[in-house]
Structure formats: C-alpha cells, structure tokens
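Me: Could you take a close look at the salt bridges for me? I'm new to this, so please walk me through them slowly.

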Amino acid sequence: MIVMAIIAMVMAIALPSIQRITGQRINSSTRKFVGLIRTVRNDAVLLSGIYRLAIDFEKQTYWIENQREMRLLTDQPVQTKKPAKGKEPEPSNFTHSPKYSKEPVPMPPGVVFDGVLKEREGLVKEGIAYVHFFPNGFNEQAILYLKKEGAKNISYSLFIRPTSGKVDIYPERITSFDGGSK
C-alpha cells in the first residue's frame, strides 16, 4: 500500500509537469512557424523568387522550397499525393532551400500538423500541402493548424494573410477566412 501511495504521489506531481512541457512545445512551435513564415515571405520579396512552405502530413515534417527558374505556377505540376506504384513523380521547378534546413524538419514530440485550409484546395490533411510566397509580397491565403498530439481541443490556427503576410494566431480551430468562425 505504501509503494502504491508513493507511485500515486509521484504521478500526481509528474503528470502536470509533463503536460506543461507539451503545452510549451505547441506554444514554441507556433511562435517558430510565425517567424519562419515571415522570413520566407521576406526572402521571396528581397530575393525576387517564389518560395513555398511544404508540409508532409504522413511524416509530420516540413521544409522550404524555392523555384530554380521563374515560371508561372500554372505551368508546373503540383504533387500533393504520392504517384502510383511504378510511376515517377512529375519533375518540379521547385528545389529544397538549404538556407532553412538541409532536410525535412520533424515536428517536436507531442505537436502535429492537423491540416492546411486554402481557398482553392479546401482543407488538406494528407499527402503534402504547399503555401506559396511571391516576390510581389503576396502569398496564398491559408490557415495552418497545429495541434497537441492526442488532444481534441488544444490547437492553434495560424492565419496567413495574403496581402500583408501577417500571421494571426488563434488559440482555437477556425474554419473560415473571415477569422471568426469555428
């Protein structure tokens, strides 16, 4: 009985600490993404290129790509799902930008991508989603969802404004671009 009481007491002390650490991870990841989005947008403007944030939902990783040569996006294939077995993916004009990382960056433990809402494609929750940033200072309007793994109500919505590049953070899941609907 004494051993069980000691274990219960240790768990009562340790569990809130573990939950607080996971909460700090989602807060930290949210701030990190806001900074990353601002930096990518600034690079697109200053370096006169098209950049994109790529998010892989299966592997829970992300990376930044930039165009090799300036081309309209409509002239390029967009690979959001894996090609069929035996088929090669169509070549892309985008290449991994080593300035941000040499390989895809995994999400911290306890934090997951829970989707990207875009005007044209709607909610993307599988495959790879892209958010594009253009040299004229515009970007695709998108809402990026970050969530505490396993939790239903602990999430953040990062609303990327198309004309200013401003990122609004909502401590809840918003589902429309007017910023008010849940």
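**A closer look at the salt bridges**

Reply: Let's start with one pair: the side chains of Arg52 and Glu65 come together in a salt bridge, 2.5 Å from N to O. Keep in mind that this is a predicted model. Arg52 sits in strand S1 (residues 51–56) and Glu65 in strand S2 (residues 61–67), so their pairing ties together parts that are 13 residues apart in sequence. And are these two buried or exposed? Arg52 is buried, with a relative accessible area of 5%, and Glu65 is buried too, at 10%. The cut-off behind that word is a relative accessible area under 20%.

If you're wondering why such pairs turn up, side chains of opposite charge can pair when their charged atoms come close.

Now for another pair. Lys118 and Glu121 meet through their side chains in a salt bridge of 3.4 Å, N to O. Here Lys118 is buried, its relative accessible area being 3%, whereas Glu121 counts as partly exposed at 41% relative accessibility.

Next up are Asp168 and Lys166, which form a salt bridge with their closest N and O atoms 3.1 Å apart. Asp168 is buried, with a relative accessible area of 13%, while Lys166, at 48% relative accessibility, counts as partly exposed. Elsewhere, Asp114, Lys125 and Arg173 are joined into one network by salt bridges that share partners.

To put these in context, the structure holds eight salt bridges, and the Arg52 and Glu65 pair we began with is one of them.

Definitions and conventions: Residues numbered from 1 in each chain as written. Predicted model: local features only at pLDDT ≥ 70, side-chain atom pairs only at ≥ 80, totals over all residues. Heavy atoms only, no water. Salt bridge = Lys/Arg side-chain N within 4 Å of Asp/Glu carboxyl O. Helix = DSSP H or I, 4+ residues; strand = E, 2+ residues; numbered from the N terminus. Buried < 20%, exposed > 50% of the residue type's maximum accessible area, 1.4 Å probe, protein only.
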